[in-house]
Structures are given as C-alpha cells and as structure tokens.
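This report describes selected features of one structural model. The sequence and coordinates come first, followed by notes on charged pairs, strands, a helix residue and the surface.

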Amino acid sequence: MGAYKALEMATIDGARACLWDDEIGSLEAGKLADLVLIETSGIEWKPCRDPIRNLVYSADGASVDTVIVNGQVLMRHRVMTGIDETWLKSELERVATNLMDRAGVKAGPLWPII
C-alpha cells in the first residue's frame with residue numbers, strides 16, 4: 001500500500017468505517033476541526049520532496065508540534081495545555097500498576113538488569 005492510501009485510511013477511511021465521515025475525517029466546512037501541526041525541520045524530513053511520504057515512511061510522534069481537537073488546542077509546541085504532565089505521568093503509573101496487580105500480571109524484564 002502506498003503512503004497516500006495509508007494517510008487516507010488513517011483519516012477519511014477511518015471516519016467512514018466508524019460511520020462518522022459526515023463529522024470528521026477531512027477538512028471541510030461543517031466538520032469538526034481536528035488538526036495536527038508537524039515540525040518538519042528534523043532529519044527525517046530531509047529531503048522533503050513529498051511531505052506525505054515523509055510523514056508516513058519517516059516521521060514519528062516526535063514530529064508533532066501542536067494538536068488541535070474540535071478547535072481546542074490540546075498541545076502547543078510539544079507542551080500539553082490544560083493538564084499537569086507530572087500528575088498525568090504519576091497517575092498513569094498508578095493506574096497501570098493497579099490494573100496489572102488486579103490481573104495478576106507480573107511485568108518486568110525477562111533478562112537481568114545490572
């Protein structure tokens with residue numbers, strides 16, 4: 001599958017599969033505006049002859065600069081807005097540990113760490 005089809009599957013095709021293509025999945029008047037702004041100065045963007053192919057084949061989450069969901073900025077310049085990241089990290093550890101304990105799952109490295 002090509003890069004363009006992969007991006008379509010992640011956007012408009014995904015919205016269609018969820019039966020939400022009338023509300024999300026593409027930038028059109030009347031649809032919810034969810035945007036991800038990408039920083040293209042990193043090495044994974046060079047050369048940038050085709051930004052769609054760079055995005056799909058070379059970039060990762062580190063390229064995300066700003067995230068806007070339904071018009072609300074959730075992350076600006078790689079800093080989450082409206083949430084304390086220190087608290088969130090602590091809460092994620094607490095919840096994950098609780099779930100693992102309740103499920104009886106022992107997590108840890110398979111090899112000794114020295």
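## Salt bridges at the N-terminal helices

The side chains of Lys-5 and Glu-8 form a salt bridge, with an N to O distance of 3.9 Å. The cut-off for such a pair is 4 Å, so this distance still qualifies as a salt bridge. The model is a predicted one. Lys-5 and Glu-8 both lie in helix α1 (residues 3-10), three residues apart, so about one helical turn separates them. Lys-5 is partly exposed, with 38% relative accessibility. Glu-8 is likewise partly exposed, at 38%.

Lys-5 also takes part in a salt bridge with Asp-13, where the closest N and O atoms are 2.7 Å apart. Asp-13 in turn forms a salt bridge with Arg-16, again with 2.7 Å between the closest N and O atoms. Asp-13 and Arg-16 belong to helix α2 (residues 12-17) and are three residues apart there, which means that about one helical turn lies between them. Arg-16 counts as partly exposed, with a relative accessibility of 42%. Lys-5, Glu-8, Asp-13 and Arg-16 are thus linked in a network of salt bridges. The structure holds six salt bridges. In general, side chains of opposite charge can pair when their charged atoms come close.

## The four-stranded sheet

An open sheet is formed by four strands in the order β1-β2-β3-β4, with antiparallel pairing. The edges are taken by β1 (35-38) and β4 (79-80); each has a single partner strand, so one side of each has no neighbour in the sheet.

β1 and β2 pair in the antiparallel sense over four bridges. Within this pair, Leu-37 is placed opposite Thr-66 of β2. Strand β2 (residues 64-69) is joined to strand β3 (residues 72-76) by three bridges, and the two run antiparallel. Val-67 stands opposite Met-75 in β3, and Ile-68 stands opposite Val-73 in β3. The hairpin of β2 and β3 has two residues between the strands, and Asn-70 in this hairpin takes a positive phi near 50°.

## Asn-54 in helix α3

What is the burial state of Asn-54, buried or exposed? Asn-54, a residue of helix α3 (residues 51-57), has 9% relative accessibility and therefore counts as buried. The limit for the buried class is under 20% relative accessible area.

A polar atom of the Asn-54 side chain lies 3.3 Å from the backbone oxygen of Pro-47. Beyond its neighbours within four places in sequence, Asn-54 is in contact with Glu-44, Trp-45, Lys-46, Pro-47, Cys-48, Arg-49 and Ala-59. Pro-47 therefore appears both in the polar pair and in the contact list, where contact means heavy atoms within 4.5 Å.

## A nonpolar surface patch

Which residues form a nonpolar patch on the surface? Met-80, Ile-83 and Trp-87 do, and together they have about 270 Å² of accessible area.

Met-80 is located in strand β4, one of the strands at the edges of the sheet. At 31% relative accessibility, Met-80 counts as partly exposed. Residues in a patch need over 30% relative accessible area, so the value for Met-80 meets this requirement.

Definitions and conventions:
Residues numbered from 1 in each chain as written. Predicted model: local features only at pLDDT ≥ 70, side-chain atom pairs only at ≥ 80, totals over all residues. Heavy atoms only, no water. Pairing = 2+ DSSP bridges. Buried < 20%, exposed > 50% of the residue type's maximum accessible area, 1.4 Å probe, protein only. Polar contact = N/O pair within 3.5 Å; in protein donor to acceptor, adjacent residues only side chain to side chain. Patch = residues over 30% accessible without salt bridge, like charges linked within 9 Å, V, L, I, M, F, W, Y side chains within 5 Å. Areas by Shrake-Rupley, 256 points an atom, 1.4 Å probe, with all protein chains shown as cover.
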